[in-house]
Amino acid sequence: MDIDQDGELVTEADSGTQIILPSETFPGIIHIIPQAHRPFFPGQAVPLVMDAKVWQPVFEAMQQPEQALFGVVAMKRDAVEGQEPAVEDLYEMGCLCRVHRVHVEGDQIQVLMEGLQRFRVRQWVRRETPMTASVRYFPDRAETQTAEEKAYAVAIINTIKELIPMNPLYGEELKVFLARSNPNRAALLADFAASLTSAGRRDLQEVLERVDLQPRLEWVVQLLHKELEIASAQMEIRKHVEEEIQGHQREAILRQQLKYIQKELGIAKDDKTAELDLFRKRAKTLALPEGAAQRFEDEMNKLALLEVGSPEYGVTRNYLDWLTSLPWGKFSQDNLDLKSAQDVLARHHEGLDDVKERIIEFLALGQMKGDVGGSIICLVGPPGVGKTSLGRAVAEALQRRFFRFSVGGMRDEAEIKGHRRTYIGAMPGKLVQALKDTTTANPVIMLDEIDKIGSSFQGDPASALLEVLDPEQNANFRDHYLDVDFDLSKVLFICTANQLDTIPRPLLDRMEVIHLSGYLQDEKVAICRKHLLPRQLAKAGLARGDVKVDTAALRALIDGYSREAGVRRLDKAIATLVRKAVVKILQGEDKPVQVKKADLESYLGRPVFTDEQTHHGVGVITGLAWTAAGGATLPVEAQVVHQRQAGLKLTGQLGEVMRESANIAYSFVRGHADKLGIKAEFFDSTNIHLHVPAGATPKDGPSAGITMASALLSLARGKAPKKGWAMTGELTLTGHVYPVGGIQEKLIAAKRQKLKKIVLPAANAGDVEQISEKVTSGLQIEYADHFEDVVKLLFG
């Protein structure tokens, strides 16, 4: 046997001259068996399953098939079902194996093979299955091991010892190895250790291809350490899982023992019994009326007969939970001290003196009769005037629980009166939920945005509210889910709306309406000082003195950036000021940050609102209008287009009612031209254009009648009216001036535009008397019963 210059064994099959021992004689050409998974190692005994159709003829051709030699070579990738492997898919280095047992079963051959020696494929003789190849062998040398090799061998043995306690299978494999091999041979030990690991195909093939012993030992030690880390992690996980399982098992056993002990002592209760006891305990604290008490007993008897796992059990249990969670007969003690109520309202709101007075009158009536329940208040006003917070203040003044929910956009009657229990997931309505949350039968319940309630095929919530808001009916309110009567007569309902037009008339008749018109500029300044600015400073984490806004800046802010009836937009503007001030403070500016009128544009940009122009001239009259956001001035302009044909053209997005007012004004002025000092032929040939700026804003309502008639009269006379007048009122064909609404809002708008002289219908004199003196002071209000009175004031 010779070793060539590459360190490879040259057998007789290679040279034809070397004489070797029979035990070491291996053929130079052998059959190659592809192995799809892990490579084989010398000294390893492994069963192998082969395709009988391919390999049975090979075994039958051999004289002693059970002593046959085959080469096993690992594949570079996983085998593809139905596809034979190609020689390009195989590694060059493999393991020569001897067949020890052959068993044919069906279309498979089960073979037990023993690894003998490494080999490398020199040349493929047959490239199709069954493959054959010319090979070179690499026997492990039996010469004396170096000290370093012995050290690696000891390291391998020690690592295997550490692995055995973590996985008993390692111990079984070690016993088989010691029974068949010499553990002192480092080469066999390295191959055995590599076969123990769960390393990947590429790493194990690296062990097979390292012919020299020391590099092989080094690589195997690395693989064993990785295996030790994996085994340690698996053991840790297994230990944690076992501890958790043991803990759960222990807890379950202890619970079972506890139940048994409690049962023996007569104190045990199953889940159903515990719930029945809970419901009975709740019911004892409630003053259930006769109908509700009978329903409670019926449902309790049903629950006692039902199995815990049945669907009906859950439905009945939920019903009893709701029934016993309601505050039957539980009432909070009202605080009817008027002085305390006045203090609470003053603390929460600035201005609104007329509204506060109405609320105090309402509470005084309750104090007189000893009860404020059964009342329905409707707070009507523009957005941001404090309707919701006023409701909270009333609840605080009475020392009652407060619950608010919005009915805006609500389209389902079941939101008010609940779902019937026949539906899956049925629940009571919002009112029953409010009573459960407040835990009293006399809370203050706010129905927000009641003017925006809807209706659909699922029902009409507004109609459902008729029963709720009727003091004569709500003493026996019946929710669909509970199906028993509950007394709502002690509940104080407060509704909020922006306008009354969209509230159904039967629903509106049940309410006591209180109008909130809006705030004057002085009131808004006070609100900024006392409420808005301190709240925004607190949100920003600043002290009250860190940002100072002078009064002139606040007035400019209100007039130029938040011209509205309420203070919602004003609050946003204040928040912007505070944010900008925080940035300046963080950039090093000293406290306090001073905000003056001249600084507003640098904080908020150019003003959003500019002063409304009050034009003056022939055919131009200033009217007063009501909008959802408060009052506004409304200039009306009349102009001659030509004098070839009579006619009237209307522009400015006027609604149907306002167009009718314009036609009435035109007909009246034309029909009474002689009395009004107009040449009769003026209207016969004059085409007049009547315009109400701004053209992009829709307008409607009857209150511009006298304004349009005055503009037409000024145009026909060719004479401008007196300066400084503004007016509102409905005109009839006979010249009478009818009353209109929104007087307070209109007077506030006139005052904001510095218009001091106002013409109002005589029938609105009573409304003016109800308005705060803060609004009417400084105004010259004249009343007109007929259009002739208006003419005298404007042109007399």
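These legends go with a set of close-up views of a predicted model.

**View 1. Confidence across the whole chain, from its weakest helix to its strongest strand.**
This is a predicted model, so it helps to start with how far the predictor trusts it: pLDDT averages 82 over the protein, and 91% of the residues score at least 70. The low point among the elements is helix α1 (residues 12–15), with a mean of 38. At the other end of the scale sits strand β25 (residues 757–761), at 91. Helix α1 is numbered inside a weak stretch, since pLDDT stays under 50 over residues 1–23. For that stretch the model has 34 contacts beyond four places in sequence.

**View 2. Gly28 and Ile585, far apart on both counts.**
Go a little past the low-confidence start and you get to Gly28, in the loop between α1 and β3 (29–35). Gly28 is buried, with 9% relative accessible area. Its partner in this view is Ile585: 557 residues separate the two in sequence, and their C-alpha atoms are 91 Å apart in space.

**View 3. Cysteines without a disulfide.**
How many disulfides does the model have? The count is zero. Take Cys97: the nearest cysteine sulfur belongs to Cys95 and is 4.2 Å away. A disulfide here needs the sulfurs within 2.5 Å, so Cys97 is left unpaired. Cys378 is also in no disulfide, and the nearest cysteine sulfur, from Cys495, is 5.5 Å off. Buried or exposed, then, for Cys97? Cys97 is buried, at 0% relative accessible area. Cys378 is buried too, with a value of 0%.

**View 4. A nonpolar patch on the surface, with Ile245 as one of its members.**
Three side chains make up this patch: Ile237, Val241 and Ile245. Together they offer about 260 Å² of accessible area. Ile245 belongs to helix α7, which runs over residues 213–265. On its own, Ile245 comes out as partly exposed, at 43% relative accessibility.

**View 5. A salt bridge between a loop and helix α9.**
The whole model has 29 salt bridges, and this one joins Asp483 to Arg295, with the closest N and O atoms 3.7 Å apart. Asp483 sits in the loop between β12 (477–478) and β13 (485–486), while Arg295 is in helix α9 (residues 290–305), so the pair ties together parts that are 188 residues apart in sequence. Asp483 is partly exposed, with a relative accessible area of 31%. Arg295 is partly exposed as well, at 21%.

**View 6. Staying in helix α9 for the Lys302 and Glu299 pair.**
What links the side chains of Lys302 and Glu299? They meet in a salt bridge, 3.7 Å from N to O. Both residues are in helix α9, three residues apart, or about one turn of the helix. Lys302 is partly exposed, at 31% relative accessible area, whereas Glu299 is buried, at 5%.

**View 7. Glu449 with Lys452, plus a salt-bridge network elsewhere in the sequence.**
The salt bridge between Glu449 and Lys452 has its closest N and O atoms 2.8 Å apart. Both partners count as partly exposed: Glu449 has 27% relative accessibility, and Lys452 has 37%. For the network, look to Arg202, Glu206, Glu209 and Arg210, which are joined into one by salt bridges that share partners.

**View 8. Backbone oddities in three loops.**
Most residues other than glycine have a negative phi, and most peptide bonds are trans. Which peptide bond is shown here as cis? That would be the one from Lys591 to Pro592, with omega near -5 degrees. Pro592 is in the loop between α20 (568–586) and β17 (593–595). Next comes Thr439, not a glycine but still with a positive phi of about 60 degrees. Thr439 has its place in the loop between α15 (430–438) and β11 (444–448), and is partly exposed at 39% relative accessibility. Gln653, another non-glycine, has a positive phi of about 55 degrees. Look for Gln653 in the loop between β20 (647–651) and α22 (656–671); this residue is partly exposed, with 43% relative accessible area.

Key:
Residues numbered from 1 in each chain as written. Predicted model: local features only at pLDDT ≥ 70, side-chain atom pairs only at ≥ 80, totals over all residues. Heavy atoms only, no water. Buried < 20%, exposed > 50% of the residue type's maximum accessible area, 1.4 Å probe, protein only. Patch = residues over 30% accessible without salt bridge, like charges linked within 9 Å, V, L, I, M, F, W, Y side chains within 5 Å. Areas by Shrake-Rupley, 256 points an atom, 1.4 Å probe, with all protein chains shown as cover. Salt bridge = Lys/Arg side-chain N within 4 Å of Asp/Glu carboxyl O. Helix = DSSP H or I, 4+ residues; strand = E, 2+ residues; numbered from the N terminus. pLDDT = per-residue confidence, 0-100. Contact = heavy atoms within 4.5 Å.
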